[in-house]
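Me: I've got a model open and I'd like to learn how to read it. Can you walk me through it, feature by feature?

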Amino acid sequence: MSIFIDNNTKVVVQGITGRDGSFHTKQMIEYGTKVVAGVTPGKGGQTFEGAVPIFNTVADAVNATGANTAVIYVPPLYAADAMIEAADAGVKLVVAITEGVPVLDMTRVYPFVKDKGARLLGPNCPGLITPGQSKVGIIPGRICKPGNIGVVSRSGTLTYEVVYQLTRAGLGQSTCVGIGGDPINGTNFIDCLAAFEADPETKAIAMMGEIGGTDEQDAAAFVKATMKKPVVGFIAGQTAPPGRRMGHAGAIISGSAGTAAEKLAAFEAAGIGIAKRPMDFVELLKKRL
Amino acid sequence: MNIHEYQAKELLRAEGIPIPPGEVATTPTEAEAIAMRYGGTVVVKAQVHAGGRGKAGGVKLAKSPKETRDVAERILALHIKGLPVQRVLVTPAADIASEAYVGVILDRASRKPVFMVSAAGGIDIEEVAATTPEKILKLPVDTRYGLQPYQASRLAFFLYDDQKRVRAAARIMQGLYAAFMKHGCSLAEINPLVVTPAGDVVALDAKMVIDDNELDRHPSIAALRDESAEEPSEVQARNANLTFIKLEGNVGCVVNGAGLAMATMDLVKYYGGDPANFLDIGGSSNPEKVVNALKIITADPSVKAILFNIFGGITRTDDVANGIVTATKQSPLKVPIVIRLTGTNEELAMKILHENGFSASSDMDEAVQKAVALAKGAA
């Protein structure tokens with residue numbers, strides 16, 4: 001088992017002929033992901049690498065191939081349209097990798113996708129991977145291995161760092177999900193925690209948050225109220241000065257809301273194990289398994 | 001991106017929001033001339049991207065053109081939160097019967113722009129929120145439908161009883177929302193919105209923050225950027241497509257990815273060091289980015305050791321290695337460098353570094369400890 005993606009995931013790639021889209025489509029295929037279609041308007045009828053049919057619209061792709069998941073690599077100012085198009089075509093999971101999507105665009109996209117009954121992951125996220133089955137996005141496959149740890153994170157490379165250390169220590173992963181660092185994203189910590197709690201394969205969860213917003217505090221309250229599986233957490237940005245942006249639009253500390261201290265206190269109160277360093281996840285998780 | 005008060009006021013005027021006149025001066029003489037034209041008492045306001053201008057002495061009344069000159073001279077000599085004041089806004093002083101706060105903020109939790117209004121304006125709205133939250137009305141707006149007329153009047157009724165003022169304030173709410181959406185804001189604020197003794201509702205101050213991701217869509221807004229009002233090293237970094245924030249410590253950090261960059265800074269602190277900066281070289285790196293990153297870091301005299309922490313995913317570690325070699329050939333380093341890299345093309349990167357006399361490790365913890373020790377030894 002796993003969450004959100006598995007062997008049955010059939011992927012349509014939006015922006016398959018672009019620089020990032022083509023590179024990562026090859027990587028996904030190499031990993032074993034079932035990439036069934038690509039979309040680039042005007043290139044319908046062609047094929048990608050002689051193997052994946054390209055369509056002009058997501059609707060055409062879904063009708064012809066039964067794709068149930070879309071992954072988006074289109075440029076930022078076209079990404080909102082791509083997300084809405086995917087949900088409108090009936091895809092159930094929309095993964096937006098694109099970085100730099102205007103936040104106001106997401107205020108329209110999020111309710112649309114939700115009303116269609118689909119799940120949005122991202123934007124500005126590395127996607128997700130169920131080791132040994134499927135990867136949708138850009139998480140390097142070789143640092144993962146199948147196992148029982150559910151991983152959820154707001155960051156890309158920090159996720160890789162932790163997953164790499166888990167794998168080296170023999171702790172495989174059920175699914176690793178990067179929810180992205182933007183202020184408005186489709187899937188949050190609670191969505192992932194609830195899915196991991198319900199997944200029989202997952203025995204413990206590693207959660208990597210960062211400064212800004214209240215998603216981690218909400219997650220902590222959720223853990224305390226409903227979760228039986230152990231959770232270990234980390235907050236990046238403990239030394240960040242107040243009021244400064246640290247790259248991710250989400251990492252803004254304003255006033256008291258969203259500081260690392262506040263988030264760590266919420267973790268503590270919820271009984272979440274606190275990793276002081278990224279490398280502390282291994283021992284803390286081993287103790288709880 | 002921050003824009004100045006006078007720029008934000010222009011954008012709000014264009015939406016029909018009543019705002020008293022004002023002109024910008026860069027010298028005391030210009031300020032004096034503006035005061036002469038207005039006659040009477042004026043307010044001289046520092047135009048700088050920092051909050052708390054009033055407390056820092058950046059907002060002053062002046063009763064005559066001569067006094068305006070003196071006040072402008074003092075304000076133009078100020079640094080507010082480290083930023084030099086290069087412009088002042090001169091505007092006729094308004095008589096005020098009451099002050100309110102009106103703001104629109106992109107809210108993460110509701111995933112919508114949220115209006116916040118309070119009749120307790122003119123002061124720190126965060127303080128009002130903390131001490132008397134019942135004095136604030138929050139109203140989320142579904143951007144698919146926009147701010148509805150009933151919502152605008154609900155906001156206005158929260159501030160005023162008088163029908164004329166309510167109608168005027170409702171129009172201001174619509175104008176503020178229109179400006180917020182049109183220019184891609186993450187924040188648009190009028191503080192204070194005042195009622196004059198004559199009963200007119202006017203905006204005396206304006207603040208707008210534009211979502212950086214919107215700038216490609218709005219070239220006229222992007223052109224409002226005032227680079228002279230920003231930290232020079234941060235401007236240089238942005239122009240090189242790097243995210244950089246200068247800090248106070250002495251360990252210069254070069255990392256890929258914002259989360260890992262923050263975690264690296266935290267680890268530097270954990271081992272008793274102090275990061276000199278936040279620097280994210282981003283995802284798809286090329287050697288040129290690394291060269292620029294090193295230029296910016298080495299230009300900071302407080303840096304005593306440089307730490308690279310690269311986890312190659314999309315980023316190819318051999319690109320980073322080539323960048324380090326190129327940069328140090330162009331200008332040899334005066335401080336020690338510690339390199340940690342792992343991931344995509346790691347073997348190739350290690351080979352490039354070793355051939356050029358650098359050592360590198362693949363362990364983050366070890367590299368951070370080493371960099372902290374070196375920075376301390378050199379300090």
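Reply: Sure, let's start with a strand pair. In chain B of this predicted model, strand S13 (residues 243-246) is joined to S15(B) by four bridges, and the two run antiparallel.

Me: Which residue of S15(B) stands opposite B:Thr243?

Reply: To read a pairing, go across from one strand to its partner. Here B:Thr243 faces B:Asp280 in S15(B).

Me: Are the faces of strand S15 of chain B covered or open?

Reply: For a strand, look at each side in turn. Strand S15 (residues 277-280) of chain B is covered on both faces. B:Asn277 and B:Leu279 are buried on one side, while B:Phe278 and B:Asp280 are buried on the other. So B:Asp280, the residue opposite B:Thr243, counts as buried, with 20 or more other C-beta atoms within 10 Å of its own.

Me: How many of the residues of chain B count as buried?

Reply: Now zoom out to the whole chain. Of its 379 residues, 47% are buried in chain B. Chain B has 13 helices and 18 strands, and its C-alpha atoms fill a box of roughly 80 × 50 × 40 Å along the principal axes. Take the contacts in chain B between residues at least 6 apart in sequence: 68% of them join residues at least 24 apart.

Me: Which domains is chain B divided into?

Reply: Domain bounds split a chain into parts you can look at one by one. In chain B these are domain 1 (21-92), domain 2 (98-222) and domain 3 (231-378). The C-alpha centres of domain 1 and domain 3 of chain B are 42 Å apart.

Me: And what about the domains of chain A?

Reply: Chain A is divided into domain 1 (10-121) and domain 2 (139-288), with 26 Å between their C-alpha centres. Ten residues from domain 1 of chain A and eight residues from domain 2 of chain A make the contact.

Me: Which element gives the largest share of the domain 1 side?

Reply: To read a contact, ask which elements supply its residues. On the side of domain 1 of chain A that touches domain 2, helix H4 (103-115) and strand S7 (119-121) each supply at least two residues. The largest share, five residues, comes from H4(A). By class, that side has eight nonpolar, one polar and one charged residues.

Me: Where in chain A does pLDDT stay under 50?

Reply: Check the chain average, then look for dips. Chain A averages a pLDDT of 93, and 94% of the residues score at least 70. Over residues 249-256 of chain A, though, pLDDT stays under 50; the model has 33 contacts beyond four places in sequence for that stretch.

Terms used:
Residues numbered from 1 in each chain as written. Chains lettered and ligands numbered in written order. Predicted model: local features only at pLDDT ≥ 70, side-chain atom pairs only at ≥ 80, totals over all residues. Buried ≥ 20, exposed ≤ 12 C-beta atoms within 10 Å, placed from the backbone. Contact = placed C-beta atoms within 7 Å. Domains from an automatic or database assignment. Pairing = 2+ DSSP bridges. Nonpolar A, V, L, I, M, F, W, Y, C, P; charged D, E, K, R; others polar. pLDDT = per-residue confidence, 0-100.
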